[in-house]
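Dear colleague,

Please find below the structure I wished to hand over to you. I would be grateful if you could read the notes beneath with the coordinates open.

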Amino acid sequence: MEDTPRSVTSIYTDFEGRRSALLRALTSDVQRFYDACDPNRENLVFHGDPAGVWSVDLPAEEVPPELPEPCLGINFARDGMQRSDWLALVAVHADSWLVSVAFYYGAKLDAAGRQQLFTAINRHPTLYETVTQRQPASNRRRTDPEPGGEARHAKAADRPLSTGRMLQRSDIVPQLRGRQAELFWPDDNLWYEVNLGAGSCLSLTASLLQLRGAEPVQPPLQDAAGNVLLFNGEVFGGLRVEGGQNDGIALLDVLAAEPPAEISQADHVTAALSALRGPWALVYWQASAHRLWFGRDSVGRRSLLVHYPDTTCCDLVITSVAPGCSSAAASAPQGTTGGLAWQELQPGLYSFEAGALAHKALPAGAPIDLACVCFDGGRSPDRLAAIDALSELAAVAPGRQWRLIEVDASLEDVERHRPRLLSLLHPADTVMDLNIGAALWLAAQAVGRVRLVPARPPSASSTSPGAVTGEAPLYWAGGVYRSAAHILLVGHGADEQCAGYGRHRSRFRTHRWEGLAAELAVDMARLWTRNLGRDDRLLADTGREARHPFLDERLQLALLETPLALLADLALPPGTGDKRLLRETLRALGLPRTAARPKRAIQFGSRLGRAANTMETRIIVWLYLLY
């Protein structure tokens with residue numbers, strides 16, 4: 001075979017070798033392939049070479065690459081989907097890559113050659129068909145043709161044919177229940193196996209931490225027509241909420257409203273939910289259509305887990321936190337609790353910028369609590385940095401009462417709360433998840449000694465940002481303090497949108513701006529499964545609600561419209577070029593020392609992961625608690 005395939009025969013031989021490699025990975029080598037796609041590694045791609053050898057590795061560093069690149073980051077979705085669904089998705093992308101490589105080589109063939117190449121390739125079932133065990137209708141049993149004529153082809157329609165009716169529960173007689181049938185689907189010309197069940201029962205349960213509305217409401221919310229809504233979130237826009245009205249009730253009214261004649265009920269619900277601005281997750285039963293809706297906002301700021309029916313449990317279960325005891329979670333297979341498989345339902349610079357901006361948004365008399373957790377007896381460098389940053393904030397905003405809650409924790413605290421933490425983290429179950437989760441959960445308790453900056457009238461020299469002339473005095477308050485705040489400001493999305501991670505610097509070094517933009521897009525796409533759902537469960541367990549300033553829909557749009565070179569300049573050293581726009585904002589707010597601090601990842605720079613072996617840790621987590 002030539003070094004570079006040029007003829008139809010050589011290109012087809014190349015295709016067959018690569019296809020056999022990918023097919024083996026997805027079938028006989030599937031466990032080894034699954035293990036190689038570790039979500040904690042960098043962006044991985046799935047290759048097959050002409051010799052029939054598959055590999056999972058980092059993408060090529062050549063720009064442009066020698067061949068069309070496979071799908072980037074196949075590993076990131078692995079633990080956020082059912083295994084069979086993830087393998088099917090990988091197979092689809094692998095099929096696309098095989099065809100793109102073949103026609104990359106075949107670009108110089110004439111029309112007859114390209115047709116010959118496609119015909120040869122099309123003799124094989126796709127990897128997707130093989131992995132999902134779906135075969136073209138021509139390879140499966142068809143309806144016998146009518147006597148004296150050819151078989152009639154069914155046509156898809158948007159409503160049942162006049163000669164038939166919708167299947168009712170009563171049609172499934174006892175002799176058919178639990179049996180299987182074959183269904184021919186004319187849209188894709190395939191046969192599908194279906195199970196005939198005994199009918200369904202819908203059970204809805206909810207509890208409420210209510211922060212809005214003049215009167216308490218009892219979830220689940222239900223109207224006279226039988227529509228039911230379970231809503232966990234806050235509506236900041238896209239829905240009219242009257243003063244004193246609960247936003248869940250306002251949303252149910254809109255979802256249940258009769259749409260105009262030209263708009264279907266499904267489109268009406270989709271449009272109403274798409275317009276929402278703010279963090280939310282919901283389950284909605286649409287009684288008139290007998291349809292169950294469930295989902296979360298486009299970024300995934302509120303937790304929503306799902307168990308799809310399987311051989312262990314035939315129920316569809318949707319929940320904010322996986323039920324079941326944590327001891328079961330600790331011993332069950334990956335992704336399971338109490339025998340059930342759970343997954344996140346698809347759609348952290350903890351910086352002082354959030355505190356400074358909160359100062360500008362809140363009334364002057366409202367105090368702001370800042371919670372900081374340390375695992376080194378209060379002696380860590382991060383604790384000193386926290387005190388220094390508090391002093392900066394107090395000098396910039398002397399009329400505000402700032403309270404630094406110093407949460408001193410130990411590994412014994414983590415071990416004591418481990419069962420509860422494992423239950424809340426589930427289905428996230430790595431050591432990194434436990435380290436991050438323990439620090440975040442303990443910080444959100446906001447219980448510890450408090451360092452006060454008493455409010456005082458602003459001086460003439462500090463009425464504008466950047467005019468700081470001195471440091472504010474800090475005072476100890478006696479005893480142990482617990483914050484009574486209901487709102488937590490967290491920094492999710494800052495690093496992912498403004499290039500704050502070390503891997504962003506590596507990607508920029510090898511692939512420049514185009515590579516960095518692709519890396520940021522991947523980070524935002526997987527934020528829901530890596531961070532948001534997990535952290536929402538942890539923070540909600542403390543009785544407080546997380547708010548995400550950097551994930552506000554309008555801010556996301558503004559950052560997407562901003563040239564990347566203004567968001568970050570990774571040719572500059574760490575602490576300067578990463579998150580450049582945010583650092584400049586901090587300087588404009590009068591916090592130059594905070595603006596110059598390099599990022600410290602919770603689990604690495606703070607040494608929490610190392611503490612289990614060395615009994616030494618230095619970690620600081622910042623949370624802004626608002627009343």
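The notes that follow cover two sheets, a helix that crosses one of them, and a buried arginine.

Please bear in mind that this is a predicted model.

The four-stranded sheet is open, with strand order 5-6-7-8 and antiparallel pairing. Strand 5 (221–222) and strand 8 (291–296) form its edges; each has a single partner strand, so one side of each has no neighbour in the sheet. Six bridges link strand 7 (residues 280–286) with strand 8 in the antiparallel sense. Within this pairing, Tyr284 has Trp293 of strand 8 as its bridge partner. Helix 6 (residues 247–256) lies across strand 5, strand 6 (228–233) and strand 7, and runs at about 135° to strand 6.

The other sheet described here is also open and has three strands, in the order 10-9-13, with antiparallel pairing. Its edges are strand 10 (317–319) and strand 13 (343–344); each pairs with a single strand, so one side of each is left without a neighbour in the sheet. Strand 9 (residues 305–307) and strand 10 run antiparallel and are joined by three bridges. Val306 has Ile318 in strand 10 as its bridge partner.

Finally, I would draw your attention to Arg526, which is found in helix 15 (residues 502–540). Arg526 counts as buried because its relative accessibility is 6%, which falls under the 20% cut-off. Leaving aside residues up to four places away in sequence, Arg526 touches Asn43, Phe76 and Arg503.

Yours sincerely

Technical notes
Residues are numbered from 1 along each chain as its sequence is written. This is a predicted model: local features need pLDDT of at least 70, side-chain atom pairs count only at pLDDT 80 or more; totals for chains, interfaces and linings use all residues. Side-chain values use heavy atoms; hydrogens and water are left out. Two strands pair if DSSP finds at least two bridges between them. Buried means under 20% relative accessible area, exposed over 50%, partly exposed in between (1.4 Å probe, protein chains only). Contact means heavy atoms within 4.5 Å. Axes are lines fitted to C-alpha atoms, for helices over the stretch in contact, and angles run from 0 to 180 degrees between N-to-C directions.
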